[in-house]
Amino acid sequence: MERATRIELALSAWEADVLPLNYAREVPHCTVANIHWVRREASSLAIRMVLSDKSIREALEAGRIVIDPLDDDCVQPSSVDLHIDQYFRVFRNHSRGVIDVREAQEDLTELIDVGPEGPMMLHPGEFLLGSTSERVVLPDDIVARLEGKSSLGRLGLVIHSTAGFVDAGWDGHITLELANLANLPITLYPGMKIGQISFFQMTTPAERPYGSNGLGSKYRGQRGPTPSRYYENFATKPPVQ
């Protein structure tokens with residue numbers, strides 16, 4: 001059987017959420033020998049399934065996904081709008097000559113509270129850390145992706161460089177990696193919409209969700225913009241002989 005035909009069968013199986021053995025007799029060119037392949041293909045397609053607004057609301061109502069606080073108007077067709085908090089971390093460029101990833105970085109940045117009205121001024125070429133106002137909690141079978149708002153991207157604002165992925169089992173506020181690619185300063189007002197988070201159904205629940213013992217999760221439960229803890233990766237490794 002052609003791969004395209006088998007993928008079509010897998011899609012049909014996924015939509016039906018069942019795959020009885022007599023399925024082979026109901027679909028042309030599908031034999032019992034292909035049943036296991038189609039099951040695997042259908043499962044692999046699940047990871048590509050983005051939750052719709054209906055599914056997001058159902059997950060929120062069931063408590064499987066938590067976004068706190070949440071305004072129902074923030075639920076978009078396939079994502080939820082998130083807002084920026086009033087706390088930021090700016091880099092102390094004047095007192096550090098280098099960023100050594102093996103060392104603790106608590107004194108690399110300074111926490112700034114601009115108050116509920118703000119604003120925070122982000123200058124061209126500048127990089128600082130921010131945070132979502134919302135706490136986000138995910139179950140062990142859903143991952144999320146945070147992306148910037150299109151309208152802000154057109155002004156030159158980037159809200160993350162690498163940290164847009166949110167693992168299954170996450171619980172906490174999401175740190176934003178804010179950068180200004182424009183030629184003019186950009187104002188950031190606490191409470192403004194800063195990004196949108198979308199959700200993806202996994203093939204199976206994670207055996208060790210984020211925060212599990214021995215996994216080395218560094219940021220579960222974080223509140224506000226949290227500095228890098230990358231140096232902890234070196235602390236867990238034995239010294240080179």
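This is a short walk through the fold, the core and a few individual residues of one protein model.

Hi everyone, thanks for making time. One caution before we look around: this is a predicted model, so please take each value I quote as computed from it.

Let's start with the overall picture. The protein has 241 residues, and 40% of them count as buried. Its secondary structure consists of six helices and twelve strands. The accessible surface comes to about 13,800 Å², and carbon and sulfur atoms account for 52% of that. If you take the contacts between residues at least 6 apart in sequence, 74% of them join residues at least 24 apart.

On to the first sheet. Which strands make up the open sheet of four, and in what order? Reading across, the order is β2-β12-β7-β9, and the pairing is antiparallel. The edges are β2, residues 80-83, and β9, each of which pairs on one side only. As a general reminder, strands of a sheet pair through backbone hydrogen bonds, either parallel or antiparallel.

Let me zoom in on β7, which covers residues 142-148 and pairs with β12, residues 193-201, over seven bridges. You can follow that pairing on your screen: isoleucine 142 stands opposite glutamine 201, and glycine 148 stands opposite glycine 195. β7 also pairs with β9, residues 165-166, this time over two bridges and again in the antiparallel sense. There, arginine 145 has phenylalanine 165 as its bridge partner.

Past the end of that strand, have a look at serine 150, which lies in helix α5, residues 150-153. Is serine 150 buried, exposed or something in between? Its relative accessible area is 43%, so serine 150 is partly exposed. The C-alpha atoms of serine 150 and glutamine 196 are 9.7 Å apart, although 46 residues separate the two along the chain.

Now for a residue I'd like you to click on: aspartate 81, which sits in strand β2. Its relative accessibility is 2%, so aspartate 81 counts as buried. What does its side chain do in there? One polar contact goes to the side chain of glutamine 76, at 3.0 Å. Another goes to the side chain of lysine 149, at 2.8 Å. Leaving aside neighbours within four places in sequence, aspartate 81 is in contact with Cys74, Gln76, Glu134, Lys149, Lys193, Gly195 and Gln196.

Next, the nonpolar side of things. In soluble globular proteins, nonpolar side chains tend to be buried together. The largest nonpolar core here has 36 residues, and the members that touch the most other members are Ile65, Leu138, Leu157, Leu178, Leu188, Ile197 and Phe199. Take isoleucine 197 as an example. Not counting residues up to four places away in sequence, isoleucine 197 touches Ser79, Val80, Leu82, Val136, Ala144, Arg145, Leu146 and Ile174.

Strand β10 deserves a minute too. How many of its ten residues are buried? Ten of the ten, as it turns out. β10 pairs with β6 in the antiparallel sense over eight bridges, and valine 137 stands opposite aspartate 171 in that pairing. β10 also pairs with β8, residues 157-158, over two bridges, again antiparallel. In this case leucine 157 stands opposite asparagine 180, and leucine 157 is one of the core residues I just named.

Last stop: the aromatics. A search of the whole structure turns up two aromatic pairs. One is phenylalanine 91 with phenylalanine 127, a tilted pair at 5.6 Å centre to centre with 50° between the planes. This pair links distant parts of the chain, with phenylalanine 91 in β3, residues 87-91, and phenylalanine 127 in β6, residues 127-137, 36 residues apart. Phenylalanine 91 is partly exposed at 24% relative accessible area, and phenylalanine 127 is partly exposed at 33%.

The other pair is tryptophan 170 with tyrosine 210, also tilted, at 5.5 Å centre to centre and 50° between the planes. Here the partners are 40 residues apart: tryptophan 170 is in the loop between β9 and β10, and tyrosine 210 is in the loop between β12 and α6. Both tryptophan 170 and tyrosine 210 are buried.

That's the tour, and I'm happy to take questions.

Definitions and conventions:
Residues are numbered from 1 along each chain as its sequence is written. This is a predicted model: local features need pLDDT of at least 70, side-chain atom pairs count only at pLDDT 80 or more; totals for chains, interfaces and linings use all residues. Side-chain values use heavy atoms; hydrogens and water are left out. A nonpolar core is a set of buried Ala, Val, Leu, Ile, Met, Phe, Trp, Tyr and Cys residues joined through side-chain atoms within 4.5 Å. Buried means under 20% relative accessible area, exposed over 50%, partly exposed in between (1.4 Å probe, protein chains only). Contact means heavy atoms within 4.5 Å. Two strands pair if DSSP finds at least two bridges between them. Rings of Phe, Tyr and Trp (its six-membered ring) pair if their centres lie within 6.5 Å; planes under 30 degrees apart count as stacked, over 60 as edge-to-face and the rest as tilted. A polar contact is a pair of N or O atoms within 3.5 Å; within protein, one must be able to donate a hydrogen and the other to accept it, and residues adjacent in sequence count only if both atoms are side-chain atoms. Accessible areas come from the Shrake-Rupley method with a 1.4 Å probe; for residues, only the protein chains shown count as cover.
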